[in-house]
Amino acid sequence: MNGPLEPGEERALNRRLNQLRAEHRTLDEEIRTLETAHYADQILLRRLKKRKLFLRDEIEKIRSSLIPDLNA
């Protein structure tokens, strides 16, 4: 169980969350652009998609840590 976060920790996590979300959106746009190209670099596309999945997992971890425990 996690205890309540300190205000500084919460701000830092929110900042990191915003950075990850921005990078996730940017990757989404890049992937969409590559997918519409006639000769897309499939290796690059695969790497971008893997990075996007990694970011999604990190976003969910941070979001989960920002939700207070109900038993606290």
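Which residue forms a salt bridge with Lys61? The legends below come to that pair in the fourth view, after a look at the whole chain. Please keep in mind that this is a predicted model.

**View 1. The whole chain is built from two helices and zero strands.** The radius of gyration is 16 Å, well over the 11 Å that the globule rule gives for 72 residues, so the chain is more spread out than a compact globule. Its C-alpha trace spans about 55 × 20 × 15 Å along the principal axes. Buried residues account for 15% of the 72 residues. If you consider contacts between residues at least 6 apart in sequence, 69% of them join residues at least 24 apart.

**View 2. Helices α1 and α2 are shown along their lengths.** Helix α1 covers residues 7-36. With its 30 residues, α1 reaches 44 Å from its first C-alpha to its last, close to the 44 Å expected at 1.5 Å a residue. Helix α2 covers residues 42-66. Its 25 residues take α2 over 36 Å between the first and last C-alpha, again close to the expected 36 Å. Within α2, you can use Leu44 and Ile59 as markers: they are 15 residues apart in sequence, and their C-alpha atoms are 22 Å apart in space.

**View 3. The largest nonpolar core has 11 residues.** Its members are Leu17, Leu20, Leu27, Ile31, Leu34, Ala40, Leu45, Leu48, Leu55, Ile59 and Ile62. The elements giving two or more residues to this core are α1 and α2. On the α1 side, the buried residues are Leu17, Leu20, Leu27, Ile31 and Leu34, and the buried residues of this helix pack against α2. On the α2 side, Leu45, Leu48, Leu55, Ile59 and Ile62 are buried, with α1 included in what covers them. As background, nonpolar side chains tend to be buried together in soluble globular proteins.

**View 4. Glu58 and Lys61 form a salt bridge within helix α2.** So here is the partner asked about at the start: Glu58, whose closest approach to Lys61 is 3.2 Å between N and O atoms. The two residues are three apart in helix α2, a separation of about one helical turn. Lys61 is exposed, with a relative accessible area of 54%. Salt bridges that share partners also join Asp28, Arg32 and Lys52 into one network. The count of salt bridges comes to six.

**View 5. Lys52 and Asp28 meet in a salt bridge between the helices.** The side chains of Lys52 and Asp28 come to 2.7 Å, N to O. Because Lys52 lies in helix α2 and Asp28 in helix α1, this pair ties together parts that are 24 residues apart in sequence. Asp28 is partly exposed, at a relative accessible area of 25%.

**View 6. Glu35 and Lys49 also form a salt bridge.** Their closest N and O atoms are 3.1 Å apart. Glu35 belongs to helix α1 and Lys49 to helix α2, so the pair links parts 14 residues apart in sequence. Are these two residues buried or partly exposed? Glu35 counts as partly exposed at 45% relative accessibility, and Lys49 is partly exposed as well, with a relative accessible area of 37%.

**View 7. The start of α2 is shown with the neighbours of Leu34.** At this start, a side-chain oxygen of Asp41 reaches to within 3.2 Å of the backbone nitrogen of Ile43. Asp41 is also one of the residues that Leu34 touches; leaving aside residues up to four places away in sequence, the full set is Ala40, Asp41, Leu44, Leu45 and Leu48. Leu44, which is found in helix α2, is partly exposed, with a relative accessible area of 36%.

**View 8. Glu9 is the focus of this close-up of helix α1.** A polar atom of the Glu9 side chain lies 2.8 Å from the backbone nitrogen of Glu6. Glu9 counts as partly exposed, at 43% relative accessibility. How far is the C-alpha atom of Glu9 from that of Ser65, 56 residues away along the chain? The two C-alpha atoms are separated by 11 Å.

Terms used
Residues are numbered from 1 along each chain as its sequence is written. This is a predicted model: local features need pLDDT of at least 70, side-chain atom pairs count only at pLDDT 80 or more; totals for chains, interfaces and linings use all residues. Side-chain values use heavy atoms; hydrogens and water are left out. Helices (H or I, at least four residues) and strands (E, at least two) are DSSP runs, numbered from the N terminus. Buried means under 20% relative accessible area, exposed over 50%, partly exposed in between (1.4 Å probe, protein chains only). A salt bridge is a side-chain nitrogen of Lys or Arg within 4 Å of a carboxyl oxygen of Asp or Glu. The expected span of a helix is 1.5 Å times one less than its number of residues. Contact means heavy atoms within 4.5 Å. A polar contact is a pair of N or O atoms within 3.5 Å; within protein, one must be able to donate a hydrogen and the other to accept it, and residues adjacent in sequence count only if both atoms are side-chain atoms. A nonpolar core is a set of buried Ala, Val, Leu, Ile, Met, Phe, Trp, Tyr and Cys residues joined through side-chain atoms within 4.5 Å. The radius of gyration is taken over C-alpha atoms; the globule rule is 2.2 Å times the number of residues to the power 0.38.
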